[in-house]
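Thanks for making time this morning. I would like to go through the empty space in one model, and then its aromatic rings. Please have the structure open while I talk.

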Amino acid sequence: MQFDADLTACAALVEKADPDRFRAAMAAPVEARAVLFPLYALNVEVSRAPWVTQEPMIAEMRLQWWRDALQEIADGGPVRRHEVVTPLAGVLSPHLAASLDEYVAVRRWDIYKDPFEDREHFDNYITCSSGRLMVAAAQALGPAEQEVVQDFAFAAGIAGWLRAIPELEARGRIPLLDGTPDGVQALAQEALARLYSARRNRSAVSNPARAALLAGWQTERVLKRIVAAPHRVAAGDMVFDDVRSRLRLAWVALSGQW
């Protein structure tokens with residue numbers, strides 16, 4: 001597969017800003033990378049949009065720009081020229097593009113310093129920010145039962161969220177409804193249960209679509225460590241041996257046993 005300039009730019013953006021997803025994409029079959037890199041580049045752009053300015057209105061405008069771009073793809077008409085949007089238009093169906101609107105919209109929480117209103121609000125944030133992206137990636141690659149992918153994505157999203165707690169708090173955010181060790185442990189246990197549910201139903205995700213789930217290759221390891229020692233979250237003690245991480249990713253990619 002030959003990468004054109006846009007795909008190469010997407011890959012370079014992901015490599016610099018999101019090395020874990022870059023590794024996951026590189027571990028995927030070559031033909032899957034043309035789908036994964038534009039979506040992961042979208043994730044880089046959307047996730048950083050609320051943080052690159054101190055002006056809420058500008059941050060809102062940045063997120064709206066991406067919502068408008070996705071709407072153009074969903075409408076099936078002309079799509080703006082952009083190194084990320086252009087390849088996205090080539091891999092997303094109108095339905096999948098429309099499904100990503102909420103994925104962008106929930107990032108408005110990142111702009112402000114208000115806490116989550118309740119558990120439903122928190123769950124919706126994780127489901128949309130992590131789940132919608134992974135579902136879109138999986139279904140763009142092949143048949144995949146949405147509920148199964150959502151379970152896996154929720155677990156991966158919680159694992160990533162808990163690893164980011166110290167940085168979020170340093171930025172003045174209140175990222176958890178219950179930040180006590182017991183609350184953190186319970187959340188990690190719930191996420192593990194969702195992970196195991198997804199595994200029991202992995203047959204509902206086709207082999208091509210499974211490449212999208214490689215991005216969660218560290219999920220079980222992270223969650224188990226938190227369950228065993230929830231104080232690690234507040235301490236920011238969630239660094240893993242790089243060699244073991246690479247070996248784990250290679251095993252998951254070869255075996256398909258996410």
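I will start with the pocket, move to the cavities, and finish with the rings and one loop residue.

First, a caution: this is a predicted model.

On method, one remark only. Rolling a probe the size of a water molecule over the atoms shows where empty space is left.

The largest pocket holds about 1200 Å³ of space. Its lining is made up of 33 residues. If you want to centre your view, go to Asp 18, Arg 21, Gly 160, Trp 161 and Ala 164, which lie nearest the centre of the pocket. Two or more lining residues come from each of α2 (19–27), α3 (30–48), α9 (119–141), α10 (146–163), α11 (165–170) and α13 (219–228). Which element gives the most to this lining? That is α10, with six residues. By class, the lining of the largest pocket divides into 15 nonpolar, nine polar and nine charged residues.

Now the cavities. There are two of 30 Å³ or more.

The largest cavity has a volume of about 50 Å³. Phe 152, Leu 195, Arg 199, Leu 213, Gly 216 and Trp 217 are among the residues that line the largest cavity, and so are Thr 219, Glu 220, Arg 248, Val 252 and Trp 258. The elements α12, α13 and α15 (242–255) supply at least two of these lining residues each. Sorted by class, the lining of the largest cavity has six nonpolar, two polar and three charged residues.

For the second largest cavity, the space comes to about 40 Å³. Around it are Arg 21, Tyr 40, Ser 130, Leu 133, Met 134, Ala 137, Ala 212 and Ala 215. Where does the largest share of this lining come from? It comes from α9, with four residues. The classes here are six nonpolar, one polar and one charged. Note that Arg 21 appears in the lining of this second largest cavity and also among the residues nearest the centre of the largest pocket.

On to the rings. The count of aromatic pairs is ten. Take Trp 65 and Trp 66: their ring centres are 4.8 Å apart and their planes stand at 75 degrees, and the cut-off for edge-to-face is over 60 degrees, so this pair is edge-to-face. Are these two buried or exposed? Trp 65 is partly exposed, with a relative accessible area of 32%, whereas Trp 66 is buried, at 6%. Trp 65 has a further contact, since the charged end of Arg 80 sits over its ring, 4.6 Å from the ring centre.

Elsewhere, ring pairs link Trp 109, Phe 116, Phe 122, Tyr 125 and Trp 161 into a cluster. You have met Trp 161 already, as one of the residues nearest the centre of the largest pocket. A second arginine over a ring is Arg 194: its charged end sits over Phe 154, 4.3 Å from the centre of that ring.

Last, the loop. Ser 203 is found between α12 (181–200) and α13. With a relative accessible area of 68%, Ser 203 is exposed, because the cut-off for that class is over 50%. Its C-alpha atom is separated by 9.0 Å from that of Ala 144, and the two residues are 59 apart along the chain.

That is what I have; questions are welcome.

Technical notes: Residues numbered from 1 in each chain as written. Predicted model: local features only at pLDDT ≥ 70, side-chain atom pairs only at ≥ 80, totals over all residues. Heavy atoms only, no water. 1 Å grid on protein atoms, 1.4 Å probe; cavity = no way out; pocket = protein on both sides within 12 Å on 5 of 7 lines; lining within 4 Å. Points joined across faces, edges and corners; volume = space filled by probe spheres on them. Nonpolar A, V, L, I, M, F, W, Y, C, P; charged D, E, K, R; others polar. Buried < 20%, exposed > 50% of the residue type's maximum accessible area, 1.4 Å probe, protein only. Phe/Tyr/Trp six-rings, centres within 6.5 Å; stacked < 30°, edge-to-face > 60°. Lys NZ or Arg CZ within 6 Å of the ring centre and 35° of its normal.
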